[in-house]
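Subject: Handing over a structure, with notes

Dear colleague,

I am passing a structure on to you, together with some notes that you may like to read beside it. Please have it open while you go through them.

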Amino acid sequence: MTVQSNQQLYRTFTRRAAMLGGAQLVLLGSLAARMYYLQVVESDRYKLLAEENRISLRLLAPRRGRILDRFGQPLATNDQNYRIVLTPEQTEDLEGTLQSLETIVSISDSERARIMKEVGRSRAFVPVTVKENLDWPLVAQVEVNTPDLPGVSIEVEQRRNYPYGGMVSHVLGYVGVVAEAELTGDPLLELPGFRVGKSGIEKQYDTDLRGSAGNSQVEVNAVGRVIRELARDEGVPGKDLVTTLDMGLQTFTQQSLSAQLSGAAVCIDIMTGEILALASTPSYDPTAFDRGLTSAEWQALTTDPLRPLSNKALNGTYAPGSTFKTVVAMAAMEQGIGPDHTVFCNGVTVLGSARFHCWKKQGHGTLDMIGGIRHSCDSYFYDLARRIGIDPIAAMARRFGLGQLTGIDMPSEKPGLIPDRAWKQATMGDIWHPGESLVAGIGQGFITTTPLQLAVLTARLSSGGYAIQPKLHRDMVFAADGGAALREGDSGSVLKPPFPSMGVSPEHLAVVLEGMNQVSNATNGTAYRARITIPGMELAGKTGTAQVRRITMSERNAGVRKNEDLPWPQRDHALFIGFAPVHAPRYAVAVVIEHGGGGSVIAGPIARDILIEAQTRDPARRRPAEQMVQNNERPA
């Protein structure tokens, strides 16, 4: 090889070495730059990522606010609930973990199906409830075996407790696990076993009662096991809610209905619109919904023909029967028919070829308006309804709160129905017939109302014509921190209802109220047997009996069968509305007993007893709310 060739080879080698060295230099420079970028420029970010791998942030359910009666008596509280939860991302074999857990606690097929469904719809790091309401020995047994149960842990949460059970279940409602349709993206709702209000006050004020979530920062190891808790924020507990209920009166009212198969009763403070008692029978135990109903329990509740889950005071709709005659009388007087207008009742009213019977077969003779109310004469009110027609009756009924939502702060209220000419044309494509006005005049036909509406009607009549608005949330609110405050004013002593006037004539009201007074206190009044004989507590009222079947002419000729001789579903509904004391009205009540028979026999005595109890408890109820605030008192 020549010298020239060697030189050429050397130059080639030198170039390649320089290129390789340069490449190595660039690579090392890039690595150094990348290391600088990661360790200096992005240090905070990767430190945060490392912390996130080491620290797990978990939401904590806030304590649900209590529900109290007007005197601070707890109606809904919270107890400790020990439960087993399973975090899917912390176990590689979900089925195997559940099988191992079954050696300690029983897991039914339906529970297993629920667990797998929740695992499928939730994020892997969200714990799923396996079993709740564990006793302490079982909790200890699970804790001992947790090293062999990856992803399984014990949590202590709250369980809703209702000390009075079914005595107030239709008002309070109940709480239950969040349904899939209720998920809104709020992480709080995705917590395992988190409860939300499903009905009643629990649902109406769920957001206030729920509070705001807290969080717990825990240090975890590589497999996700908790090593220690680093920080904890309990969140904001839900507010305690004070209702208008007087639990003593509520219990008395519910027990008064217990002898009846099905019915409802409402007692309202005429001056404030506060609901003091709202009862519906049959009832149910709301605590069972929090612990979880079995299939058999749910089936029994939903198939019971007496509808124990239905709050009949708000969503039971019934023909008002003769209680509606108070409205017809008001409408007639507004149309120019005076209280001295007389009608002769011989037991039947004829309109064309149709015959409309009075409840008293032999008739009442000649009656004026007060007499018509006192005797509850059907013929008298057939005459009034025929003369004025349905539209004025419907307009007056709506002014008194019938055929529309009362606006009470409760879900699932039904409006009932007050028909008129326009309604029938729009819904049935037919004209209103004169005979239908006669039937409406005694509170039958298309007309339906709720017991709550009847209580509001009575309160508006006896208040002197004020548009009383019912409510269940009291103006007094006790905050979760123990402080007390007044909302919307609570004077403690009220001279007149703080509601707008309905614009009805005081003279017309006086006629109807005197008629109701004679119903209860005149010896020939239809509710004389249900009168209050305690001086100063006398009541005024109106009976009602609403037919649920058609009485044929052949049955009338043979003799109408008595209610007690009929099957229960064919018996008349019994109704009564009343207020007390007569000369200074403060409490109004409405009672409806499904298929109870006569209003004066069944519903009247129940209403009387409720009004006696309300007046007996009166001094405690009138204690000024300001005094509680000044003393910084909080319910026990």
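The notes below go from the whole chain to single helices, helix pairs and a few individual residues.

Please bear in mind throughout that this is a predicted model. The chain holds 24 helices and 21 strands, and of its 636 residues 50% count as buried. If one takes the contacts in the chain with a separation of 6 or more, 73% of them are accounted for by residues 24 or more positions apart. The surface that the chain exposes comes to about 29,400 Å², and carbon and sulfur atoms supply 54% of that area.

Helix H13 and its partner

Helix H13, which spans residues 325-334, is mostly covered, with nine of its ten residues buried. The buried residues are Lys325, Thr326, Val327, Val328, Ala329, Met330, Ala331, Ala332 and Met333. Just after the helix, Gly336 takes a positive phi of about 100°.

The axis of H13 comes within 9 Å of the axis of helix H16 (residues 390-399), and the two cross at roughly 120°. Because of that angle, H13 counts as oblique to H16, and the crossing is right-handed. On the H13 side the residues that meet the partner are Val327, Val328, Met330, Ala331 and Glu334, while H16 brings Pro392, Ile393, Met396, Ala397 and Arg399. Sorted by character, the residues of this contact are eight nonpolar and two charged, with no polar ones.

Helix H15

Nine of the eleven residues of helix H15 (residues 378-388) are buried, and the helix is therefore largely enclosed by the rest of the structure. Those buried residues are Asp378, Ser379, Tyr380, Phe381, Tyr382, Asp383, Leu384, Ala385 and Ile388. Just after H15 there is again a glycine with a positive phi, in this case Gly389, at about 80°.

Helices H9 and H22

The other helix pair that I looked at joins parts of the chain with quite separate numbering, namely H9 (residues 247-257) and H22 (residues 599-616), whose axes come within 10 Å and cross at roughly 165°. Since angles over 145 degrees count as roughly antiparallel, H9 is described as roughly antiparallel to H22. This crossing, too, is right-handed. H9 contributes Leu249, Phe252, Thr253, Ser256 and Leu257 to the contact, and H22 contributes Ile606, Asp609, Ile610, Glu613 and Ala614. Here the residues divide into six nonpolar, two polar and two charged.

One buried and one exposed residue

Thr458 is found in helix H19 (residues 451-462), and with a relative accessible area of 1% this residue is buried. Leaving aside residues up to four places away in sequence, Thr458 touches Ile577, Gly578, Phe579, Ala588 and Val589. Val350, by contrast, lies in strand E14 (residues 348-351) and is exposed, with a relative accessible area of 53%. Although Val350 and Gly435 are 85 residues apart in sequence, their C-alpha atoms are 9.8 Å apart in space.

Backbone points to look at

As background to this last part, most residues other than glycine have a negative phi, and most peptide bonds are trans. Which bonds, then, are cis in this model? The peptide bond from Thr281 to Pro282 is cis, with omega near 0°, and Pro282 is placed in the loop between strand E12 (275-281) and helix H10 (287-291). A cis peptide bond also joins Ala580 and Pro581, with omega at about -15°, and Pro581 is found in the loop between strand E20 (573-580) and strand E21 (587-593).

Positive phi values in residues other than glycine include that of Arg307, which is near 55°. Arg307 is found in the loop between helix H11 (295-303) and helix H12 (312-315), and at 35% relative accessibility this arginine counts as partly exposed. For His595 phi is likewise positive and near 55°. His595 is found in the loop between E21 and H22, and at 13% relative accessibility this histidine counts as buried.

With best wishes

Key:
Residues are numbered from 1 along each chain as its sequence is written. This is a predicted model: local features need pLDDT of at least 70, side-chain atom pairs count only at pLDDT 80 or more; totals for chains, interfaces and linings use all residues. Side-chain values use heavy atoms; hydrogens and water are left out. Axes are lines fitted to C-alpha atoms, for helices over the stretch in contact, and angles run from 0 to 180 degrees between N-to-C directions. Helices (H or I, at least four residues) and strands (E, at least two) are DSSP runs, numbered from the N terminus. Angles under 35 degrees count as roughly parallel, over 145 as roughly antiparallel, 65 to 115 as roughly perpendicular and the rest as oblique. A crossing is left-handed if the near helix is turned anticlockwise from the far one by less than a right angle, and right-handed if clockwise. Contact means heavy atoms within 4.5 Å. Ala, Val, Leu, Ile, Met, Phe, Trp, Tyr, Cys and Pro count as nonpolar, Asp, Glu, Lys and Arg as charged, and the others, Gly among them, as polar. Buried means under 20% relative accessible area, exposed over 50%, partly exposed in between (1.4 Å probe, protein chains only). Accessible areas come from the Shrake-Rupley method with a 1.4 Å probe; for residues, only the protein chains shown count as cover.
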